[in-house]
Amino acid sequence: MAASRNPLEELRETIGHLAEQIKLPGGDRVDDRMGEMFGPKLGPARPLSELQAELDALIGLDTVKEQVRALVALLQVQARRKAHGLPEVATSQHLVFLGNPGTGKTTVARLLAEMYRAVGLLQKGHLVEVDRSGLVGQYVGETALKTDRVIRRALDGVLFIDEAYALAPEDHRMDFGPEAIEVLLKRMEDHRHRLVVIVAGYPRLMEMFLLSNPGLRSRFAREITFPDYSVDALVAIFGQMLAQHEYLLEPGAQQMLRRILAGLHSGEDSGNARFARTLFEQALNRQALRLSLDEDRSLDALDREDVMTLTEDDLAEAARALGEEPEPEPGPAPTAGPSRWWRWLMT
Ligand SMILES: Nc1ncnc2c1ncn2[C@@H]1O[C@H](COP(=O)(O)OP(=O)(O)OP(=O)(O)O)[C@@H](O)[C@H]1O
Ligand SMILES: [Mg+2]
């Protein structure tokens, strides 16, 4: 299980106290600086059951949930084997997350990191999320320094590299991306027991990335695929956001929501759950504007229901602001014209 007290945590605390006492200008940024160097300050570890419940509460993602459960169960069984004096089967925990933007990759990575902490694989279980710009420098030598710094921050937690394929551009002669990959592979080996790396990105580009360096394929043997969400799942995700923040849809607005979400084409630029979130936030803006412009009623006179309710128009305008047009309302079923057979008989 996670060790009791990390000396770096103690150092951080001491410097924090000192900064507080002498009130140096910028002393309040000590925590940020320490975070940059050693990773974030940690709260108490959450029990596995709580993390599992949070994962289960995510809409859809059935195969993802199953795979995460299997990963964690394997670790638990291996720990029991070790306790019984049996040999552990060393398995690599590094993962590839394949999925379009907004399919829940970061959300699941963050939970998985905490689960690794709960079962004792990682001491801290924090998530350090970077993309190419966080690893690759512009000058010779800068990339190794930058990558090293990020890895140091991620030690005892999970390093999540989003759009990892950007590290292996097709024309890599003048590019420092491959250097970052080399450093990463080396450090993964050096810190085998202190670092889990998850690389994420669009399915079609990640295959190219994994083939770009022979060391990658063997270390990232497991893949978890995040499918695009169905319209029903997106409606449910939106519903979850409403409930969480205590908002309601007026009668009829549910239909509008479905029409907006059905208008998204699936794929790399659909936005998936991220679109649902942005739509929700945009709808709150629209609601606020509508209420503030209402000449019949001042803001002070608004009742509980007024400030809770999002209307059909709030949603439609929010969608348009995001460049999405709701699908046309389903009309009566088109009446079938005379069949070819019938026309043929009548001539
Ligand atoms: N299954 C789900 N149930 C509920 N909310 C979800 C689900 N999946 C994603 N979300 C919400 O959608 C938003 C985007 O999710 P997340 O950031 O995890 O996606 P991502 O795949 O990392 O996207 P990106 O590639 O854009 O970083 C977050 O606000 C998250 O809370
Ligand atoms: Mg993400």
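Start by selecting M115, which counts as buried because 23 C-beta neighbours lie inside 10 Å. Here a residue is buried if 20 or more other C-beta atoms, placed from the backbone, lie within 10 Å of its own, exposed if 12 or fewer, and partly exposed in between. The model is predicted: local features need pLDDT of at least 70, side-chain atom pairs count only at pLDDT 80 or more, and totals for chains, interfaces and linings use all residues. Residues are numbered from 1 along each chain as its sequence is written, while chains are lettered from A and ligands numbered from 1 in the order in which they are written.

**Around M115**

M115 belongs to helix α5. Helices (H or I, at least four residues) and strands (E, at least two) are DSSP runs, numbered from the N terminus. Now add L48, L51 and V72, which M115 touches when residues up to four places away in sequence are left out. Touching means contact: the C-beta atoms of the two residues, placed from the backbone, lie within 7 Å. Select R69 as well; 46 residues separate it from M115 along the chain, and their C-alpha atoms are 9.9 Å apart.

**The whole chain**

Zoom out. The chain has 16 helices and seven strands, and 31% of its 347 residues count as buried. Of the contacts between residues at least 6 apart in sequence, 76% join residues at least 24 apart.

**The sheet**

Select the five strands of the open sheet, which run in the order β2-β3-β4-β1-β5 with parallel pairing. The edges are β2 (127-130) and β5 (222-226); each has a single partner strand, so one side of each is left without a neighbour in the sheet. From one strand to the next, the twist averages 20 degrees. Two strands are said to pair if DSSP finds at least two bridges between them.

Show α5 again: α5 packs on the sheet and touches β1 (95-99), β2, β3, β4 and β5, and its direction makes about 160 degrees with that of β3. Such axes are lines fitted to C-alpha atoms, for helices over the stretch in contact, and the angles run from 0 to 180 degrees between N-to-C directions.

Next, take the strands in pairs. β3 (residues 157-161) and β4 (residues 195-201) are joined in the parallel sense over five bridges, and V158 stands opposite V196 in β4. On β1, what share of the residues is buried? Five of the five are, so β1 is largely enclosed by the rest of the structure. L95, F97 and G99 point one way from β1, and V96 and L98 the other way. β1 pairs with β4 in the parallel sense over four bridges and with β5 in the parallel sense over five. Select L98 to see both partnerships: L98 stands opposite G201 in β4, and its bridge partner in β5 is T225.

**Ligand 1**

Select ligand 1 and the 18 residues that surround it; the closest are G104, K105, T106, T107 and A273. A residue counts as near the ligand if its C-beta atom, placed from the backbone, lies within 6 Å of it. At least two residues of the shell come from each of α5 (105-118), α11 (231-244) and α13 (272-293). Colour the shell by type: six residues are nonpolar, eight polar and four charged. Ala, Val, Leu, Ile, Met, Phe, Trp, Tyr, Cys and Pro count as nonpolar, Asp, Glu, Lys and Arg as charged, and the others, Gly among them, as polar. Domain 2 (48-226) and domain 3 (231-321) each contribute at least three residues to the shell, with bounds from an automatic or database domain assignment.

**Two positive phi values**

Most residues other than glycine have a negative phi. Select N272 in helix α13: its phi is positive, about 45 degrees, although it is not a glycine. N272 is buried, with 25 other C-beta atoms within 10 Å. Then go to L61, in the loop between α3 (48-57) and α4 (62-83). Its phi is also positive, near 55 degrees, and L61 is buried, with 23 other C-beta atoms within 10 Å.

**Last stops**

In helix α12 (residues 253-262), select the buried M256, L257, R259, I260 and L261. The buried residues of α12 pack against α11, β6 (248-249), α13 and α15 (312-321).

Finish at A79 in helix α4. Is A79 buried or partly exposed? With 14 C-beta neighbours inside 10 Å, A79 counts as partly exposed. A79 touches V119 and G120, leaving out residues up to four places away in sequence.
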